[in-house]
Amino acid sequence: MSKALIVWGGWLGHQPEEVAGVFRRVLEKEGYEVEVSDTLEAFADAEKLKGLDLIIPCWTMGEISQELVNNVSAAVQSGVGLAGCHGGMCDSFRKNVDWQFMTGGQWVAHPGNDGVEYTVNVKHSSSSLLEDLEDFSVRTEQYYLHVDPAVEVLASTRFPVVPGPHSPNGAVDMPVVWTKRWGAGRVFYNALGHQADIVELPQVTEIMRRGFLWAAEGKRKAEAGRQSDSVYTGMADNQL
């Protein structure tokens with residue numbers, strides 16, 4: 001049986017416990033054994049993490065020790081999948097650049113705040129993950145992120161919808177859903193998911209389901225290949 005760990009906490013405005021519950025139900029329907037924890041100490045056992053198929057952080061803001069980041073990073077580098085949404089993965093620990101390097105982006109703004117209506121454009125990229133899904137509209141926060149240029153963008157949204165100091169720069173397409181690689185592991189992110197009602201939208205739930213399965217599949221592929229003994233343990237100047 002595939003194993004997943006969901007860790008929730010941080011800023012409660014994102015309803016991390018409720019979102020974790022949605023994710024748990026999705027994974028249990030797929031036959032996963034799911035552990036849910038409300039403490040970052042769930043990342044303390046490095047060997048246990050490497051025995052998982054999937055790690056799902058639901059933790060907005062807060063602080064984390066470098067040791068725990070290194071443990072998650074080493075697990076993903078070994079082949080364990082990492083997947084999450086909204087601020088629960090890409091606004092988790094603002095002071096830790098190693099976390100941002102691994103996840104592929106960092107939230108910086110949501111012009112107009114909650115309740116902005118915008119379109120999610122599903123791209124036909126080289127990935128087949130979302131290929132049969134149609135564009136859809138949502139009314140929620142529209143995330144503006146600083147994004148790793150290495151990610152593969154699966155869906156995007158057009159800025160600006162709400163005017164602001166970013167408007168004079170003209171129209172830009174901001175990634176909403178992406179994938180990337182971290183060592184032998186697969187990383188999946190979806191910027192939607194401000195609260196549980198957004199995660200429960202049929203399109204968003206389906207995007208997350210596919211992302212979870214895709215990220216976890218990397219574990220099996222990694223086990224079939226030869227693994228390097230070299231593990232990246234972060235930037236030294238992030239650990240001062």
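Colleague: Let's start with E134: why is E134 called exposed?

Modeller: This is a predicted model, and in it E134 has a relative accessible area of 63%. Exposed means over 50%, so E134 with its 63% earns the word. E134 sits in the loop between β6 (116–122) and β7 (136–140).

Colleague: How far apart in space are E134 and H110?

Modeller: The distance is 24 Å, C-alpha to C-alpha, and the two residues are 24 residues apart in sequence.

Colleague: What about T119, and what makes T119 partly exposed?

Modeller: Its relative accessible area is 34%. Buried would need under 20% and exposed over 50%, so T119 at 34% is partly exposed. T119 belongs to strand β6.

Colleague: Which residues does T119 touch, not counting residues up to four places away in sequence?

Modeller: T119 touches D135, F136, S137, S156 and T157. As for V153, the C-alpha atoms of T119 and V153 are separated by 15 Å, with their positions 34 residues apart along the chain.

Colleague: Now the helices: why are α1 and α7 called oblique to each other?

Modeller: Helix α1 (residues 16–29) and α7 pack at an angle of about 60°. Roughly parallel needs an angle under 35 degrees, and roughly perpendicular starts at 65. The value of about 60° fits neither class, and α1 and α7 are therefore oblique. Their axes are 10 Å apart, and the crossing of α1 and α7 is right-handed.

Colleague: Which residues meet where α1 and α7 pack?

Modeller: From α1 come F23, V26 and L27, and they meet T205, M208, R209 and F212 in α7. By class, this contact has five nonpolar residues, one polar and one charged.

Colleague: F23 caught my eye there. Where does F23 stand in the largest nonpolar core?

Modeller: That core has 73 residues, and F23 and F43 are those with the most contacts inside it. Helix α7 (residues 202–224) gives the most to this core, with seven residues. In soluble globular proteins, nonpolar side chains tend to be buried together.

Colleague: What is F23 in contact with, leaving aside its neighbours within four places in sequence?

Modeller: F23 is in contact with I6, I56, C58, C85, V199, M208 and F212. Two names on that list, M208 and F212, are also in the α7 part of the helix packing.

Colleague: How do you know that A222 is buried?

Modeller: A222 has 6% relative accessibility. The cut-off for buried is under 20%, so A222 at 6% counts as buried. A222 is placed in helix α7. Along the sequence A222 and L52 are 170 residues apart, while in space they are 13 Å apart, C-alpha to C-alpha.

Colleague: Let's turn to the backbone. What is notable about phi of Q15?

Modeller: Phi of Q15 is near 50°, which is a positive value in a residue other than glycine. Q15 lies in the loop between β1 (3–10) and α1.

Colleague: Why does Q15 count as partly exposed?

Modeller: Q15 has 25% relative accessibility. Under 20% would be buried, so at 25% Q15 counts as partly exposed.

Colleague: And N113, what makes N113 partly exposed?

Modeller: N113 comes out at 46% relative accessibility. Exposed takes over 50%, so N113 at 46% counts as partly exposed. Phi of N113 is near 60°, a positive value in a residue other than glycine. The loop between β5 (105–109) and β6 holds N113.

Colleague: What is the omega of the peptide bond from F159 to P160?

Modeller: Omega is near -5°, and the bond is cis. P160 is in the loop between β9 (152–159) and β10 (172–182).

Colleague: One last residue: where is Q100 found, and in which helix?

Modeller: Q100 is found in helix α5 (residues 97–103). Not counting residues up to four places away in sequence, Q100 touches F93, R94, G105 and Q106. Q100 and F43 are 57 residues apart along the chain, and their C-alpha atoms are separated by 17 Å.

Definitions and conventions:
Residues numbered from 1 in each chain as written. Predicted model: local features only at pLDDT ≥ 70, side-chain atom pairs only at ≥ 80, totals over all residues. Heavy atoms only, no water. Core = buried A, V, L, I, M, F, W, Y, C linked by side-chain atoms within 4.5 Å. Buried < 20%, exposed > 50% of the residue type's maximum accessible area, 1.4 Å probe, protein only. Helix = DSSP H or I, 4+ residues; strand = E, 2+ residues; numbered from the N terminus. Contact = heavy atoms within 4.5 Å. Axes fitted to C-alpha atoms, helices over the stretch in contact; angles between N-to-C directions. Parallel < 35°, antiparallel > 145°, perpendicular 65-115°, else oblique. Left-handed = near helix turned anticlockwise from the far one by under 90°. Nonpolar A, V, L, I, M, F, W, Y, C, P; charged D, E, K, R; others polar.
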